[in-house]
Amino acid sequence: MRSTRRPKIRKSITPSQFRNFIFGGRSVFTLENKGTGSYITFKIREIKKKGKVVPNQFAVNMKSLGDNDSGYSMLGFLDIEKPYFKAWGHVDRNHVGYKTLYWLLRNLESLENFGDLVIYHEGACCKCSMPLTTPESIDKGIGPVCLDRMLSGSINTLKDLNLWNDSLSYDDNIRAALKVDPTVWSKVHVPDYIKIEDDNKGHRLLGRLGIL
Ligand SMILES: [Zn+2]
């Protein structure tokens, strides 16, 4: 069944939604700078070898609206654990995509501070890239099946770390786990309203990308 003909609905997402979205595996998003009126679209895809996902590794493609070429161009490879970014071919440090990506990763935990920034998803699930159809999934940028899968993955992670308590709700478990081990921040789906408190600053895996 092909679904590519269904119209896709672009929607803005909050920085906290975006932090759960960006490394979903098949995320496509557009950044708008309201100050300059410029747009740039990124596609960040998990890398597979022999059909298996390589953890923490992503291929990054981009396109800017000014491009006559409507297709994407390869920007490079990102490893969010090491962390490092390896630029592709002609891409150098002055490349707009390169500069924007670095800025984005460096400021991922503080995007709320940039009033001119709007982040949009392109109407497709960040994990499987199928079109989003229900209001809740359009709001979050992830489809219901993928969300369930992501939540049960997070629960298993907490169980493995002995940080899961059956008598608490998911959100309360996350909150309790973050207090015990702030590095959990980078391993599980964190609900939108749990904000970065000073306690957690710098502990999220993504926060470490600042050293790039
Ligand atoms: Zn999905």
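These are my notebook entries on a predicted model, taken element by element.

**Entry 1: the sheet**

I started with the strands. I found seven of them in one open sheet, and reading across I get β1-β7-β2-β3-β4-β5-β6, with antiparallel pairing. At the edges sit β1 (11-13) and β6 (84-87), each of which pairs on one side only. From one strand to the next the twist averages 30°. A reminder to myself: strands of a sheet pair through backbone hydrogen bonds, either parallel or antiparallel.

**Entry 2: one strand pair**

Next I picked β2 (residues 26-33) and β7 (residues 117-121). I counted five bridges between β2 and β7, in the antiparallel sense. Which residue of β7 is the bridge partner of glutamate 32? I traced the bridge to valine 118.

**Entry 3: the helix across the sheet**

Then I looked at what lies on the strands. Helix α2 (residues 96-106) lies across β2, β3 (38-49), β4 (52-64), β5 (73-79) and β6. Against β3, α2 runs at about 80°.

**Entry 4: the main core**

I went looking for nonpolar cores. The largest has 26 residues, and Phe21, Phe42, Val60 and Cys125 have the most contacts inside it. Two or more residues come from each of α1 (15-21), β2, β3, β4, β5 and α2. I also checked cysteine 125 by itself. Setting aside neighbours within four places in sequence, I see cysteine 125 in contact with Met130, Leu132, Ile142, Gly143 and Cys146. Another core lies apart from the largest one; this one has eight residues, including Ala177, Leu178, Trp185 and Val188.

**Entry 5: helix α4**

Cys146 turned up again when I reached α4, so I checked the length of this helix before its sides: at 1.5 Å a residue, the 17 residues of α4 (residues 144-160) should span 24 Å, and the end C-alpha atoms are indeed 24 Å apart. Which residues of α4 are buried? I noted Cys146, Ser154 and Leu158. These buried residues lie on the same side of α4, because they cover an arc of only 115° around the axis. The general rule I keep in mind is that an α-helix has 3.6 residues a turn, so residues three or four places apart point the same way.

On the face turned away from the buried side, I found the exposed residues Asp148, Ser152, Asn156 and Asp160. Part of what covers the buried residues of α4 is α5 (170-180). Last, I looked just past the helix: α4 is followed by asparagine 162, with a positive phi near 60°.

Notes. Residues numbered from 1 in each chain as written. Predicted model: local features only at pLDDT ≥ 70, side-chain atom pairs only at ≥ 80, totals over all residues. Pairing = 2+ DSSP bridges. Helix = DSSP H or I, 4+ residues; strand = E, 2+ residues; numbered from the N terminus. Axes fitted to C-alpha atoms, helices over the stretch in contact; angles between N-to-C directions. Contact = placed C-beta atoms within 7 Å. Expected span 1.5 Å × (residues − 1). Buried ≥ 20, exposed ≤ 12 C-beta atoms within 10 Å, placed from the backbone. Arc of directions from axis to C-beta. Core = buried A, V, L, I, M, F, W, Y, C linked by C-beta atoms within 7 Å.
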